[in-house]
Amino acid sequence: MIGKNEEIDIAIKDIKKHFKIVESNSLDDYLSCEIKIDKEGKRGWIGQPHLIKKLELKFGDLVKGTQRHNTPGTPHGNFPPLQDGEMGIDREEHEQFRSGVGQLLYLTKYSRPDIANAVRVLTRYVQKPSRAAFKEMKRLIKFVLDTRENGLKFMPHEPDNMKRWDLVMYSDSDWAGDKDSRKSITGYVLFVLGCPVIWRSRQQPVISLSSSEAEIYALSEAAKEIAFVYQLLMTMGIETKLPIICRVDNMGAIFMAENVNTGNKSKHIDLRTKYVSDYNGN
C-alpha cells in the first residue's frame, strides 16, 4: 500500500473489519523475491536465491562440466527449427527443457534483466526443442548458477529541488537479427531515479526494411511503457521531471521522432513516429 501514513492506517483499520490480516514492519520477501534494505532505508537489493537454489537442485548435475561463459546466451543465437523426420531430444529432456525455461522466465521477470534476451530465444523452441536449443538452455542455467549473487541494486538518487522524479529510458533494436524470419528484436529498460523498474526483449511482429524503421518501432514500444509509468506516478501524487529522456543510438530514428513530417510512406511507421513525437510534446 502506498500513500500517506494516516490514510494507510485508516485503510488497514477498515480491512480488519472484514478480513484477518498479518502486519509486518519489514519487507523481506515478496513474490518469491528476497529483499534486503539497509538500516538507513536508502539502498536495497532484490534477488531470487530460492529459485536459483531450485535450479541447482534440479539441473546442477546436468550442467556440471558445462563450459563457463561471461554472457548468458550465444551472441546472435539462432537455432533452426526441427525439420520433418529430424530427431530432436527425448521425452525426458523435453520435460527438462520446458521446466528449465519456465523457471528462467520467472527469474527474468523479477530480478534478472541480464538474461531476458537469452530466455526469449529459448521460449521459441518450447514446443519442439532441438539438441542445440537444449544445449543453449544448459549454458544459460550454468551462467545463472555462476552469477547467483546477481540481482537488482536499488540506490535511488535524490529528486531535484522540485521533488520531481526523473525517468530515463534506453531503447535499442537488433535489425533483422532473426536469420529465419528476418524480424528485428526490440529491447528497452526504464530507470526511475536511476533504478531499473521495467525491461523487455521481444521480437517485432513485422519485418523492418531499415535499421531506422526497426529502431523507431522499438522506441514507440518504449514510449508506451513511459506513458504507463508516468500515469502511475501521477495517480500516486508524484511529479515527474519533464521532458522524459529516451536514449536511442540511431540518428534516423531520432530524426523521425523529432520531425513529424518525415514523408513516411509506410502507414504503421508513420503512426509510430507520430505517437512518439506527440507524447514528447511536439
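**Helix pairs and single residues, step by step**

Trainee: Why are α4 and α5 called roughly antiparallel to each other?

Mentor: This is a predicted model, and its helix axes give the answer. Helix α4 (residues 116–123) and helix α5 (residues 131–146) cross at roughly 155 degrees, with their axes coming within 10 Å. Angles over 145 count as roughly antiparallel, so α4 and α5 earn that name. The crossing of α4 past α5 is left-handed.

Trainee: Which residues of α4 and α5 meet?

Mentor: From α4 come Ala118, Val119 and Leu122, and from α5 come Ala133, Glu136, Met137 and Leu140. Sorted by class, this contact has 6 nonpolar residues, no polar ones and 1 charged.

Trainee: What makes α2 oblique to α5?

Mentor: Again, look at the angle. α2 and α5 pack at about 125 degrees, with their axes 10 Å apart. Roughly antiparallel needs over 145, and roughly perpendicular covers 65 to 115, so α2 is oblique to α5. In this pair α2 passes α5 in a left-handed crossing. On the α2 side, the contact is made by Ile52, Leu55, Glu56, Phe59, Leu62 and Val63, and on the α5 side by Phe134, Met137, Lys138, Ile141, Lys142, Val144 and Leu145. The classes here are 10 nonpolar, no polar and 3 charged.

Trainee: How do you know that α2 is roughly antiparallel to α3?

Mentor: Helix α2 (residues 49–63) packs on helix α3 (residues 91–110) at an angle of about 150 degrees, and their axes are 11 Å apart. The cut-off is over 145, so α2 is roughly antiparallel to α3. The crossing of α2 and α3 is left-handed. Where they meet, α2 offers Leu51, Ile52, Lys54, Leu55, Lys58, Phe59 and Leu62, while α3 offers Gln96, Ser99, Gly100, Gln103, Leu104, Tyr106 and Leu107. These residues divide into 8 nonpolar, 4 polar and 2 charged.

Trainee: Now for single residues. Why does Ser171 count as buried?

Mentor: Ser171 has 6% relative accessibility. Buried means under 20%, so Ser171 counts as buried. Ser171 is placed in strand β5 (residues 167–174). Leaving aside neighbours within four places in sequence, Ser171 is in contact with several residues, including Gly187, Tyr188, Glu215, Cys246 and Arg247. Over the whole chain of 282 residues, 38% count as buried.

Trainee: Is Lys163 buried or exposed, and what makes it so?

Mentor: The relative accessible area of Lys163 is 61%. Exposed means over 50%, so Lys163 is exposed. Lys163 is found in the loop between β4 (152–154) and β5.

Trainee: Why does Leu31 count as partly exposed?

Mentor: Leu31 comes out at 40% relative accessibility. Partly exposed lies between the 20% and 50% cut-offs, so that is how Leu31 is classed. Leu31 lies in the loop between β1 (29–30) and β2 (33–37).

Trainee: What can you say about phi in Leu31 and Lys163?

Mentor: Phi of Leu31 is near 55 degrees, and phi of Lys163 is near 60 degrees. Both are worth a look because most residues other than glycine have a negative phi.

Trainee: How do you know that the peptide bond from Leu242 to Pro243 is cis?

Mentor: Omega for that bond is near 0 degrees. Pro243 is found in the loop between α6 (211–235) and β8 (245–247). As a rule, most peptide bonds are trans.

How values were computed. Residues numbered from 1 in each chain as written. Predicted model: local features only at pLDDT ≥ 70, side-chain atom pairs only at ≥ 80, totals over all residues. Heavy atoms only, no water. Axes fitted to C-alpha atoms, helices over the stretch in contact; angles between N-to-C directions. Helix = DSSP H or I, 4+ residues; strand = E, 2+ residues; numbered from the N terminus. Parallel < 35°, antiparallel > 145°, perpendicular 65-115°, else oblique. Left-handed = near helix turned anticlockwise from the far one by under 90°. Contact = heavy atoms within 4.5 Å. Nonpolar A, V, L, I, M, F, W, Y, C, P; charged D, E, K, R; others polar. Buried < 20%, exposed > 50% of the residue type's maximum accessible area, 1.4 Å probe, protein only.
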